[in-house]
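Have your viewer ready, with selections and colouring by chain at hand. We will go from stop to stop, picking something to select each time.

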Amino acid sequence: MLPIIPAIPLDSIERTLYASADITAAFVASISGAQAARQRRLDLFGLIIIAYLTAMAGGIFRDLCIGALPPIGLADWRYLCATLAGGAIVLYAPQWFDRFKHPVAFFDALALGFYAVVGAQKALFYGHNAQVAILLGTATAVGGGVVRDILLARIPNILRKEIYAVAALTGAGIQVLGNTLGWSATFTPWLGASACILIRLLSLKYGWHLPLSRTEDEEPTR
Amino acid sequence: MLPIIPAIPLDSIERTLYASADITAAFVASISGAQAARQRRLDLFGLIIIAYLTAMAGGIFRDLCIGALPPIGLADWRYLCATLAGGAIVLYAPQWFDRFKHPVAFFDALALGFYAVVGAQKALFYGHNAQVAILLGTATAVGGGVVRDILLARIPNILRKEIYAVAALTGAGIQVLGNTLGWSATFTPWLGASACILIRLLSLKYGWHLPLSRTEDEEPTR
Amino acid sequence: MLPIIPAIPLDSIERTLYASADITAAFVASISGAQAARQRRLDLFGLIIIAYLTAMAGGIFRDLCIGALPPIGLADWRYLCATLAGGAIVLYAPQWFDRFKHPVAFFDALALGFYAVVGAQKALFYGHNAQVAILLGTATAVGGGVVRDILLARIPNILRKEIYAVAALTGAGIQVLGNTLGWSATFTPWLGASACILIRLLSLKYGWHLPLSRTEDEEPTR
């Protein structure tokens, strides 16, 4: 079995920092979800549901896996308010997002970075090993987008050509590395989140992608 | 954090009432799932699977989130029998449903109401706050239909124009309100379930819907 | 309530046997997932993700339901390595699979058998009743394929005409029967897994299927 990495103890300012990053991630993820729902012309409440699930699905899965019940996204009113605010802004001030060529992808990238580091940290905090922390940090980051894309019948982001899950994996990995090496708990999450967001946005801008798996002919689906 | 609302203690008759409502919900939900599967011409066992998942998926998710393990839908033979009965009726007496113009939607609406109140009550009973109870009551009610629709590649009910999740939310909300204000535990669930079912059926009949989110142009999917 | 069936105690050789069967199942399931991903021309990392989820999703669901946290597929490096190996073989030695007419279905069938018996055994080991063990053995076996097929927009295996979930149910059922009747813990899993794999492969080869549910006319989707 893999060794448990003790999470660096956080002082109260750092705890506030992590909670703020998590709620900020919920807010930007809900904007990405609401934008995607608006493009599908869902009604008001359908848009709110997609915004909420985009923001919360990854964290709910993480909390179920680490035994943090009830999942914080269900229990804490601040997350609900953050996602309602995100949905409301998209509904009532859609012109704010006209400057973005790809608003879904942009706000999704911001959430990706914050969720990856906070998700990894929470798994460590609950006493799990580095592998669990990296995998669940990644799952927290990508989970909401997967649910959004399945419900809206979009091609899931994690299966697209641009670098996506690798970015989340990098963010979660840096966070776990920082805990292992005893880096500052104030500095590490910014490094991890920035690396993740930067990789994702640059890969979108420049069309970076990993090599394709090749195949000569398709098996008939059965 | 939000305050915990203590669930009103139930006497043995009321406990039987709630259990009966839950099993009835499983039965009618399985009919809705089996009808949808039959429309897709699935085989006998595929139909049973869809009937079972339509009836159980929401409750399994609720039980995972509140820590009621193993989920009652997996462990209790009465739920399995109720869903098998629902599937069998659709298989062997399909003519019983010929009078219904939209059998999937009709039986789905009945399950929606019962599951919303029972789901909310169970979350309160496990010591969770009002927000958790309302959200998980709603999730119990809509979860099975979402899984059914994803597996059968139907447009998920929660994303359609008619009022659906709002109805479940109303039912769960009334149930939580009843617990908060100390209403009778015999009366409250009927009020909540009836309100939910009525809203849903009327919205189907009269085409009620919430305002659409508007958008001028679609972002290319990426 | 259903009676609890005490799992037959395993000696250390038998424990190794079960763990090996589980990791072998992860390996062959990841090959099936990677093959399906390659047919969709996913990139390298998308292929790895699908391989991992195909191998792990069923077991993660089982572990959440029985309260075995964190799910072993997330926590144990051997499962991660087995799925990475499966993905790498498909990526770098695809010609090994040219002899198989339906590589996805073939390796999926192997995983189906192993996962059904190991999943059922683990549920019994955690003190759950026969119904939970059979349902979760089946869910462990079919869960990964369902997630793979939803993400890749394939028709889910459990809804196709050939016998699939029935095979898994048979394997899990034999395993639970063996525990109930006190059969040898070395012999039972081989019997259950073989029966499951044989039923599945023969049904594919000879086009066996269960009777269809019939319907005269389709309800308009709404």
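Begin with chains B and A together: three residue pairs are in polar contact between them, both residues at pLDDT 80 or more (a pair of N or O atoms within 3.5 Å; within protein, one must be able to donate a hydrogen and the other to accept it, and residues adjacent in sequence count only if both atoms are side-chain atoms). This is a predicted model, where local features need pLDDT of at least 70 and side-chain atom pairs count only at pLDDT 80 or more, while totals for chains, interfaces and linings use all residues. Residues are numbered from 1 along each chain as its sequence is written, chains are lettered from A and ligands numbered from 1 in the order in which they are written, and side-chain values use heavy atoms, with hydrogens and water left out.

**Stop 1: chain B against chain A**

Now select helices H2 (44–66), H6 (130–151) and H7 (165–181) of chain B; each supplies at least two residues of the side that touches chain A. Helices here are DSSP runs (H or I, at least four residues), numbered from the N terminus. Highlight H6(B), which gives the most to this side, with six residues.

Colour that side of chain B by class and you will find 21 nonpolar, seven polar and seven charged residues. In this scheme Ala, Val, Leu, Ile, Met, Phe, Trp, Tyr, Cys and Pro count as nonpolar, Asp, Glu, Lys and Arg as charged, and the others, Gly among them, as polar.

Widen the selection to the whole interface: 35 residues of chain B are in contact with 38 residues of chain A (heavy atoms within 4.5 Å). Together the two chains bury about 3200 Å², 62% of it on carbon and sulfur atoms; this is the accessible area (1.4 Å probe) lost on being put together, summed over both.

How many salt bridges cross between chain B and chain A? The rule finds zero, looking for a side-chain nitrogen of Lys or Arg within 4 Å of a carboxyl oxygen of Asp or Glu.

**Stop 2: helix H4 of chain A**

Next, select residues 77–92 of chain A, which form helix H4. Pick out A:Tyr79, A:Ala82, A:Thr83, A:Gly86, A:Gly87, A:Val90 and A:Leu91, which are buried (under 20% relative accessible area, 1.4 Å probe, protein chains only). Add H1 (12–39), H2 (44–66) and H3 (72–75) of chain A, which are among the elements covering them.

**Stop 3: chain C against chain B**

Finally, show chains C and B, where 35 residues from chain C meet 38 residues from chain B. Their buried area is about 3200 Å², and the salt-bridge count is zero.

How values were computed:
Expected span 1.5 Å × (residues − 1). Buried < 20%, exposed > 50% of the residue type's maximum accessible area, 1.4 Å probe, protein only.
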